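Let's walk through this one together, starting at the surface and working inwards. Keep the viewer open as you read.

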Amino acid sequence: EVVSESEPPLLSDHDVVIDGLFGSGLNRPLSGGFAAVVNYINHSEAPIVSIDIPSGLFGEDNRHNNLEAVVKATRTFTFAFPKLAFLLPENGPFVGEWQVLDINLHQDIVGGHHGLAQASKPFLPQRQLWSCPVGGR
C-alpha cells in the first residue's frame, strides 16, 4: 500500500518485484508516494517485471515525463502488441527485455497492428534491437 509514512520491505537480488502500479493510460508524470515507490524499487537489487508497460512510462512521447519516476524493468510483458515507447532507444533502460502476450483480442479491436507489422516485414532490413540504421539516424 502506498501511504505517506511507511517502511518498505527490504528487497534483495533473491526477490522479484512485479510492477503493476500504472498501465498504458497514464498521461502525467508520477509524483509523491508513487514516485517514491518507483525510486525505491529502482534502487533495489531485485529484478523488476512490469505488466503491460513500466509504471510511469507514457505509451508514446516521454519528452516531458519525469524519467526519475519511471520503473526500470528488467523485463516487460505487454499485451496484444508493443507500445510505441518500446521501440524508441531512449526507453530501453525502462522497458528492458519485452515480450508481447496474446490475450485473444478481436482483430477489429486491435485495429490490424499485427497485420501491418507482418505485411511490412519483408521490406524492412534486419536490425538488432535498439540499433540505428547506417548513418546513425
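V16, I18 and I51 come together on the outside to make a nonpolar surface patch of about 270 Å². Bear in mind that this is a predicted model, so everything here is read off computed coordinates. Of the patch residues, I51 belongs to strand β2. I51 counts as partly exposed because its relative accessible area is 39%, and partly exposed covers the range between 20% and 50%.

Now step back one residue along the chain. S50 also sits in strand β2, but is it buried or exposed? With a relative accessible area of 0%, S50 is buried, since anything under 20% qualifies. Which residues does S50 touch, once those up to four places away in sequence are set aside? The list runs D19, V71, A73, R75, T76 and F77. There's also a long-range pairing to look at: S50 and G96 are 46 residues apart along the chain, yet their C-alpha atoms are separated by 9.3 Å.

Strand β2 leads us to helix α1. The buried residues of α1 pack against β2 (48-51) and also against β1 (17-19). Those buried residues are A35, V38, I41 and N42. Looking down the axis of α1, you'll find that they fall within an arc of 130°, so they line one face of the helix.

From there you can go straight into the largest nonpolar core, which has twelve residues: V17, L26, L30, A35, V38, I41, A46, I48, F58, A69, V71 and A73. Helix α1, spanning residues 32-42, supplies the largest share of this core, with three residues. Separate from this core there is another one, of seven residues, including I53, L57, V70 and A85. Have a look at L26 while you're here: beyond its neighbours within four places in sequence, L26 is in contact with G56, L57 and F58.

Zoom out, and the whole fold comes into view. The protein has four helices and four strands, and along the sequence they follow the pattern β-α-β-β-α-β-α-α. Among contacts between residues at least 6 apart in sequence, 66% join residues at least 24 apart. Of the 137 residues, 28% count as buried. As for the outside, the accessible surface comes to about 9,500 Å², and 56% of that belongs to carbon and sulfur atoms.

How values were computed: Residues are numbered from 1 along each chain as its sequence is written. This is a predicted model: local features need pLDDT of at least 70, side-chain atom pairs count only at pLDDT 80 or more; totals for chains, interfaces and linings use all residues. Side-chain values use heavy atoms; hydrogens and water are left out. A nonpolar core is a set of buried Ala, Val, Leu, Ile, Met, Phe, Trp, Tyr and Cys residues joined through side-chain atoms within 4.5 Å. Buried means under 20% relative accessible area, exposed over 50%, partly exposed in between (1.4 Å probe, protein chains only). Helices (H or I, at least four residues) and strands (E, at least two) are DSSP runs, numbered from the N terminus. Contact means heavy atoms within 4.5 Å. The arc is that of the directions from the helix axis to the C-beta atoms. Patches are made of residues with over 30% relative accessible area and no salt bridge: like charges are joined within 9 Å, nonpolar side chains (Val, Leu, Ile, Met, Phe, Trp, Tyr) within 5 Å. Accessible areas come from the Shrake-Rupley method with a 1.4 Å probe; for residues, only the protein chains shown count as cover. A salt bridge is a side-chain nitrogen of Lys or Arg within 4 Å of a carboxyl oxygen of Asp or Glu.
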